[in-house]
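Hi,

Here is the structure I promised to pass along. Have a look at it first, and then read on for what turned up.

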Amino acid sequence: MEHKHQFNAAGVCEICNQTDKIYKNADVTLARSSKSKKHSHDDGHEHSHDHDDGHDHSHDMEGSTFHLFLPAILSLVLLLSALALDHLIANDWFKGWIRLGWYVLAYIPVGLPVLKDAVKSIGKGNFFSEFFLMGIATLGAFAIGEYPEGVAVMLFYAVGEAFQTLAVTRAKANIKSLLDQRPDVATVIREGNPVLVKATDVQVGDVIQLKPGEKLALDAILLSDQASFNTAALTGESKPDTKVKNDAVLAGMINLKSVAEVKVSAAYEDSKLSKILEMVQHASSQKAPTELFISKFAKIYTPIVVFLAIGIAFLPAIFVSDYVFKDWLYRALIFLVVSCPCALVISIPLGYFGGIGAASRNGILVKGGNFLDSLAAVEEVVMDKTGTMTEGVFEVQEVVFKDGLDRQGILEAINLLESKSTHPAATAIHQYVGEPNHGLSLTDAEEIAGHGLKGRVNGKTYLVGNVKLLDKFQVEYPKELNDLVYTTIAIAENGEYVGYLTIADKIKEDAKATIEKLHALKVRATMLSGDKNAVVQYVAKDLGIDSAFGDLLPEDKVEKLKESKSRSSIVAFVGDGVNDAPVVALSDVGIAMGGLGSDATVETADVVIQDDRPSKIPMAIAIGKKTKAIVWQNIILAFVVKGIVLLLGAGGLATMWEAVFADVGVALLAILNAVRIQRTDYRDSVK
């Protein structure tokens with residue numbers, strides 16, 4: 001994930017310099033690991049095994065990890081040998097310049113890089129960086145003869161930095177490996193022969209051959225009659241998805257059974273997976289309020305503590321009769337070590353980073369830490385019915401016409417008219433009637449939003465839609481149509497009601513469990529739909545939804561959402577992100593379902609659920625709550641421990657060892673806590 005630097009008007013980095021260094025080191029480590037991995041797979045063979053248990057390619061990172069810890073290992077060996085000569089091995093030569101030189105050698109591997117970074121930081125105008133604090137604290141320890149403690153503080157600081165770099169590296173690697181599942185090469189059919197071609201060189205229109213177990217590198221159209229694909233890389237679900245000829249198949253899908261041929265429909269960089277990957281990689285730029293607060297807080301907090309440390313060193317000379325400069329300087333140095341805000345400025349972004357990664361792993365794309373915070377605070381989820389809680393695949397159930405009418409003629413007329421619509425009801429009618437009869441004359445076709453269709457077929461004017469359409473044109477119809485629990489398509493010919501069709505939509509298998517989990521999270525559920533109110537109420541009652549409203553036009557949905565916002569502070573809306581654009585814009589969190597099917601959903605929504613499973617809604621909220629809880633655990637831990645040790649240090653009751661724990665120890669504990677976000681299994685959890 002790309003790290004974004006933020007600068008104020010003076011050109012000073014808004015984010016802790018150590019954060020910048022850790023992100024940079026993480027990128028270098030990841031690049032080194034990727035290069036190693038690429039060399040080990042240079043035969044072009046693509047390993048398509050999945051790591052659903054969170055396993056990463058640690059064997060590719062071993063060399064990089066050793067490189068990270070090498071300076072600390074050298075320093076530790078020299079420090080332990082010096083301590084042994086000081087306290088365990090009797091000798092009369094380990095003193096004076098020899099002793100000092102030994103400890104300096106132990107200090108150089110871990111201390112010199114930090115001192116260099118301190119100088120660079122000062123040169124860029126950021127005087128009060130962690131590098132500066134640790135530099136003056138450890139050099140001060142050397143100045144008063146506390147060599148072992150000076151080396152130990154810098155050693156533990158370097159170890160903490162290495163662990164932090166490793167944590168960020170693995171978080172980045174996890175997200176990249178979960179999302180960027182594309183192979184580097186593709187087998188392209190050229191003049192009837194399969195040829196291995198770099199994926200970036202494959203052109204739109206090329207035909208790719210996919211063997212069983214191979215991943216698709218680019219978006220394409222299936223040419224084979226049928227093929228089965230594992231879409232886990234895209235949706236988080238390993239259930240096979242069967243495609244038929246002319247269906248769209250996407251980069252990252254794995255061919256499961258027979259050899260398949262596909263025709264490339266988009267360039268490598270334009271695939272949906274590329275856009276999704278780019279979106280998640282830039283999610284870190286959308287910072288949560290907690291992150292922004294800590295960044296600003298560190299800018300004020302650090303210099304204040306530096307000046308307090310100076311005061312601790314010199315002011316007691318005025319008030320204390322037995323003032324000893326060395327003792328008070330030691331207390332001031334402890335104060336400086338404890339003041340380093342590493343635990344906060346690293347673990348908090350890492351926590352949000354982990355939340356975004358955990359969501360990605362489960363097929364949920366969150367566009368920033370700010371939306372994780374919003375998800376955690378959601379009190380009400382407002383959802384569309386069709387395609388969200390129901391399959392969105394309609395089937396005609398019943399056809400009722402007045403006696404004596406040309407049933408087949410009317411069906412053919414409305415089937416032709418419905419060919420101008422993309423509504424799921426139109427698809428159901430096509431499947432029932434068959435291919436439209438284009439021999440008929442169709443003119444003046446018009447789709448009336450929220451109502452239905454109007455047009456002339458062979459000179460006759462037809463109205464096909466809900467009862468609101470007949471009301472609009474003042475066509476009388478039997479009132480019992482309003483009481484039918486199926487979606488009703490009313491039909492009028494030349495201004496006279498002639499009959500109706502009923503169509504039914506299947507409720508998704510995890511819809512009921514979704515509502516139960518939302519209630520377990522103390523989240524209210526509301527359904528808004530343009531479908532007939534009787535149908536909406538039937539579905540809502542079956543699922544246990546708190547409130548439901550039908551017969552709504554797009555503008556009515558906006559008003560209902562405003563009502564929800566008046567009673568709930570944070571409201572999420574779940575829909576397709578296109579037809580419901582005004583409602584998505586008004587909600588605090590816009591969640592799009594089935595994001596793989598629409599570029600617009602990826603662009604407009606704050607959260608994109610990559611498949612059509614509504615159970616991912618409470619999962620997204622659970623991830624948001626877990627992330628926020630761990631972030632605040634880290635904040636409280638850091639403040640409490642640092643506060644206690646600062647007071648003990650100022651009072652002369654804490655040594656450098658307690659200071660090291662308060663700084664590096666707390667940072668490591670916070671990082672380990674943040675890593676839990678990615679390791680939690682959210683599939684059956686609403687905690």
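**Salt bridges and one strand**

D86 is partly exposed, with a relative accessible area of 25%. Before going further, please keep in mind that this is a predicted model.

So what does D86 pair with? Its side chain meets that of R99 in a salt bridge, at 2.9 Å from N to O. The two sit in distant parts of the chain: D86 belongs to helix 2 (residues 58-87) and R99 to helix 3 (residues 96-123), with 13 residues separating them.

That pair is one of 10 salt bridges counted in the model. Another one, E559 with K562, stays within a single helix: both residues lie in helix 18 (residues 554-567), three residues apart, or about one turn of the helix. Here the closest N and O atoms are 3.8 Å apart, and a salt bridge needs them within 4 Å, so the pair counts. How accessible are these two residues? E559 is partly exposed at 45% relative accessible area, and K562 is partly exposed too, at 42%.

Helix 18 also holds K565, whose partner is further along the chain. The side chains of K565 and D588 meet in a salt bridge at 3.2 Å, N to O. D588 is in the loop between helix 19 (581-586) and strand 21 (589-593), 23 residues from K565, so this is a link between distant parts of the chain. K565 counts as partly exposed, with a relative accessible area of 28%, and D588 does as well, at 25%. Elsewhere, salt bridges with shared partners tie E380, R524 and R567 into one network.

Now for the strand. Is strand 17 mostly covered or mostly open? Strand 17 (residues 496-507) is mostly covered, with nine of its 12 residues buried.

Which strands pair with strand 17? One is strand 12 (residues 390-401), which runs antiparallel to strand 17 and pairs with it over eight bridges. In that pairing, V399 has L501 of strand 17 as its bridge partner. The other is strand 16 (residues 487-493), also antiparallel to strand 17, over seven bridges. There, A492 stands opposite Y497.

Strands 16 and 17 form a hairpin with two residues between them. If you zoom in on the turn, look for N494, which has a positive phi of about 50°.

One thing to bear in mind while you browse: in a regular strand, side chains alternate between the two faces of the sheet.

Cheers

Methods: Residues are numbered from 1 along each chain as its sequence is written. This is a predicted model: local features need pLDDT of at least 70, side-chain atom pairs count only at pLDDT 80 or more; totals for chains, interfaces and linings use all residues. Side-chain values use heavy atoms; hydrogens and water are left out. Buried means under 20% relative accessible area, exposed over 50%, partly exposed in between (1.4 Å probe, protein chains only). Helices (H or I, at least four residues) and strands (E, at least two) are DSSP runs, numbered from the N terminus. Two strands pair if DSSP finds at least two bridges between them.
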